[in-house]
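Please look over the sequence and the model below before reading on, and keep both at hand while following the text.

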Amino acid sequence: MSTVSKFKGKTHVFSKGAPDYLLKNCVSYLNANGEPVPITEAFRSTLLGKLAEFAEATLRTLLLAYRVGDKEDANTPNSEIEKNLIIIGMVGIKDPIREQVPHAVQLCYRAGVRVRMITGDNPETAVAIAKEAGILPADYKKKNDEDYTVMTGQQFRTFVEGLDKDDEGNEIVKNIDNFRLVRDQLKVLARSSPTDKYIMATGLKQLHHVVAMTGDGTNDAPALKKADIGFAMGIAGTEVAK
């Protein structure tokens with residue numbers, strides 16, 4: 001997300017986001033003296049190395065950046081204003097798993113409930129958190145290209161070919177055969193969007209499963225409604241989700 005502020009005749013853009021997304025919009029970074037210097041391959045390599053370290057430590061990462069431009073920039077579309085940014089730094093945020101979660105996940109498995117983690121986190125962070133929660137075994141490693149245990153939202157959407165409609169106008173997953181492979185294997189869906197949640201709920205119901213879905217944002221509302229059981233999570237959850 002970005003915030004645009006006018007100050008002393010200038011437009012100040014402050015952006016934060018996933019490093020692997022925001023980095024491509026950055027051209028400089030603040031050095032130890034607080035001075036902007038051009039991004040080099042060495043800096044990029046160091047940053048991405050730290051990103052991997054943060055992910056392995058189950059830290060959610062945010063890149064913080066800014067830009068100062070002319071006052072007229074305030075009317076520029078976000079796709080253009082979020083360019084030529086200067087990196088302030090990268091932070092890792094720890095969202096500790098509650099101690100009862102691994103036990104709760106195992107109770108679900110013993111009861112015949114399949115637990116899947118659908119998250120916006122990058123794959124490395126998502127896998128590390130899923131291991132802590134007991135959703136993935138501690139020694140999990142991707143086997144081959146036909147291992148669909150962990151996927152990104154983009155891979156999932158491409159693989160199942162999105163949604164279609166049947167002869168009666170009902171929404172269905174276009175490639176239900178590929179979706180069956182996902183159903184049987186998938187445990188972690190990383191870098192996902194609310195659309196992925198909706199496709200997941202649609203496909204599982206199409207295959208006659210009972211679906212429970214969690215979410216807290218406004219964009220999660222369609223998936224919560226599509227599922228047989230929708231859980232609007234947390235005190236901070238939006239009223240739309242509830």
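The paragraphs that follow go from the chain as a whole to its cores, its pockets and a few single residues.

What is shown here is a predicted model, and the values discussed are computed from its atoms. The protein chain has nine helices and 13 strands, and its C-alpha atoms fill a box of roughly 60 × 45 × 35 Å when taken along the principal axes. Of its 242 residues, 38% count as buried. Among the contacts with a separation of 6 or more, 60% are made by residues 24 or more positions apart. The surface that the protein chain exposes comes to about 14300 Å², with carbon and sulfur atoms supplying 52% of it.

The interior is a natural place to begin. In soluble globular proteins, nonpolar side chains tend to be buried together. The largest nonpolar core in this model holds 24 residues, and the members that touch the most others are Met 151, Phe 156, Val 160, Phe 179, Val 182 and Met 200. At least two residues of this core come from each of the helices α6 (153–160), α7 (176–185), α8 (194–206) and α9 (221–226), and α8 gives the largest share, five residues. Val 160 illustrates the packing, since, with residues up to four places away in sequence left out, Val 160 touches Val 173, Lys 174, Asn 175, Asn 178, Phe 179, Val 182 and Ile 199. Apart from this core lies another one, of 15 residues, which includes Leu 23, Phe 43, Leu 51 and Leu 85.

From the cores we turn to the open spaces. Rolling a probe the size of a water molecule over the atoms shows where empty space is left. The largest pocket has a volume of about 2100 Å³ and is lined by 48 residues, of which Arg 116, Met 117, Ile 118, Thr 214 and Met 233 lie nearest its centre. Two or more residues of this lining come from each of β5 (59–70), α4 (101–110), β7 (117–118), α5 (123–133), α7, α8 and β12 (212–215). By class, the lining of the largest pocket consists of 24 nonpolar, twelve polar and twelve charged residues.

The second largest pocket contains about 190 Å³ of space. Its lining is made up of Pro 123, Val 127, Tyr 140, Lys 141, Lys 142, Val 150, Met 151, Thr 152 and Gln 155, which divide into five nonpolar, two polar and two charged residues. Both α5 and β8 (150–152) supply at least two residues of this lining, and the largest share, three residues, comes from β8. Met 151 appears in this lining and also belongs to the largest nonpolar core.

Which residues does the loop between β7 and α5 bring into contact with other parts of the chain? Thr 119 lies in this loop, and its C-alpha atom is separated by 5.7 Å from that of Ser 192, although the two residues are 73 residues apart along the chain. Beyond residues up to four places away in sequence, Thr 119 touches Arg 60, Ala 126, Leu 189, Ala 190, Arg 191 and Ser 192. Asp 121 has its place in the loop between β7 and α5 as well, and, counted in the same way, Asp 121 touches Arg 60, Ala 126, Ile 129, Ala 190 and Arg 191. With a relative accessible area of 10%, Thr 119 is buried, and Asp 121 is likewise buried, because its relative accessible area of 10% falls under the 20% limit.

Thr 61, in strand β5, is buried with a relative accessible area of 11%. Leaving out residues up to four places away in sequence, Thr 61 touches Gly 17, Ala 18, Pro 19, Leu 51, Phe 54, Val 91 and Asn 122. Leu 51 in that list is one of the members of the 15-residue core.

Two residues other than glycine can be inspected for a positive phi, and they may be set side by side. Thr 58 has a phi near 60° and sits in the loop between α2 (41–56) and β5, whereas Lys 8 has a phi near 50° and lies in the loop between β1 (2–7) and β2 (10–17). Are these residues buried or exposed? Thr 58 is buried, with a relative accessible area of 6%, while Lys 8 counts as exposed, at 74% relative accessibility.

How values were computed. Residues numbered from 1 in each chain as written. Predicted model: local features only at pLDDT ≥ 70, side-chain atom pairs only at ≥ 80, totals over all residues. Heavy atoms only, no water. Core = buried A, V, L, I, M, F, W, Y, C linked by side-chain atoms within 4.5 Å. Buried < 20%, exposed > 50% of the residue type's maximum accessible area, 1.4 Å probe, protein only. Helix = DSSP H or I, 4+ residues; strand = E, 2+ residues; numbered from the N terminus. Contact = heavy atoms within 4.5 Å. 1 Å grid on protein atoms, 1.4 Å probe; cavity = no way out; pocket = protein on both sides within 12 Å on 5 of 7 lines; lining within 4 Å. Points joined across faces, edges and corners; volume = space filled by probe spheres on them. Nonpolar A, V, L, I, M, F, W, Y, C, P; charged D, E, K, R; others polar. Areas by Shrake-Rupley, 256 points an atom, 1.4 Å probe, with all protein chains shown as cover.
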